[in-house]
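Visitor: Please pick one part of this protein and walk me through it slowly, along with whatever surrounds it. I would like to see how the pieces fit together.

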Amino acid sequence: MKLMDEVAGIVAARHCKTNIVTASVDAINFHDKIRKGCVITISGRMTFTSNKSMEIEVLVDADPVVDNSQKRYRAASAFFTYVSLNQEGKPLPVPQLVPETEDEKKRFEEGKGRYLQMKAKRQGHTEPQP
């Protein structure tokens, strides 16, 4: 989990080019155990930005290098939310993500949905407000 947060932090820092801090972590989904003899790859990608926060999807893949009969598989995934900070630790505006491919646009809209749900939850509503 620590490595997942570090990867998400690198993605966020590269996007903002400022200090960043983890604001929240959506449920970490453990899809399959990491077996002995596997090499893991942890990757992150920006999925959504609002004015003050950014969502990064982190994927953990396991590659069974010892057992050639097995293929690479997804072991875990999660969504991390980060905010950009100035030198005094105050929130800064986040540069907007510009999705280009259809897949990126789809992930952006899904991220926007998660963002609106979380925002509504923080404001005491059960459903996102239009």
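**A close look at strand S4**

Guide: Let's start with one pair of residues: Ala 62 has Tyr 73 in S5 as its bridge partner. Please keep in mind that this is a predicted model. That pair belongs to a broader match, since S4 and strand S5, residues 73–85, run antiparallel and are joined by nine bridges.

Now turn to the partner that comes before S4 in the sequence. Strand S3, residues 38–49, also pairs with S4 in the antiparallel sense, here over 11 bridges. One place to see this is Val 39, which stands opposite Asp 63 in S4. The link from S3 to S4 is a hairpin of four residues.

S4 itself covers residues 54–64, and 10 of its 11 residues are buried. For the protein as a whole, 31% of the 130 residues count as buried.

The loop between S3 and S4 deserves a stop too, and Ser 53 lies in it. Ser 53 counts as buried because its relative accessible area is 11%, under the 20% cut-off. Leaving out residues up to four places away in sequence, Ser 53 touches Phe 48, Thr 81, Tyr 82, Val 83, Val 94 and Tyr 115.

Next comes the nonpolar packing. The largest nonpolar core holds 19 residues, and those with the most contacts inside it include Met 54, Ile 56 and Val 58, as well as Phe 80 and Tyr 82. Helix H1 (2–16), S3, S4 and S5 each supply at least two residues of this core, and the biggest contribution, six residues, is from S5. Phe 80 is a good residue to centre your view on: setting aside neighbours within four places in sequence, its contacts include Met 54, Glu 55, Ile 56 and Val 58, and also Met 4, Asp 5 and Ala 8.

H1 gives us another residue to look at, Val 7. Val 7 is buried because its relative accessible area is 18%, again under the 20% limit. Beyond residues up to four places away in sequence, Val 7 touches Ile 42, Ser 43 and Gly 44. For a sense of distance, Val 7 and Glu 102 are 24 Å apart from C-alpha to C-alpha, with their positions 95 residues apart in sequence.

S4 also has a part in the largest pocket, whose volume is about 560 Å³. Strand S1 (19–25), S4, S5 and helix H2 (102–122) are the elements that give two or more residues to its lining. H2 provides the largest share of that lining, with seven residues. In total 22 residues line the pocket, and Ser 24, Thr 81, Tyr 115, Met 118 and Arg 122 lie nearest its centre. Two of these names may sound familiar, as Thr 81 and Tyr 115 are among the residues that Ser 53 touches. Sorted by class, the lining has nine nonpolar, seven polar and six charged residues.

Finally, let's step back. The protein has two helices and six strands, following the pattern α-β-β-β-β-β-β-α along the sequence. Its C-alpha trace spans about 50 × 35 × 30 Å along the principal axes. Among contacts with a separation of 6 or more, 66% are between residues 24 or more positions apart.

Technical notes: Residues numbered from 1 in each chain as written. Predicted model: local features only at pLDDT ≥ 70, side-chain atom pairs only at ≥ 80, totals over all residues. Heavy atoms only, no water. Buried < 20%, exposed > 50% of the residue type's maximum accessible area, 1.4 Å probe, protein only. Pairing = 2+ DSSP bridges. 1 Å grid on protein atoms, 1.4 Å probe; cavity = no way out; pocket = protein on both sides within 12 Å on 5 of 7 lines; lining within 4 Å. Points joined across faces, edges and corners; volume = space filled by probe spheres on them. Nonpolar A, V, L, I, M, F, W, Y, C, P; charged D, E, K, R; others polar. Core = buried A, V, L, I, M, F, W, Y, C linked by side-chain atoms within 4.5 Å. Contact = heavy atoms within 4.5 Å.
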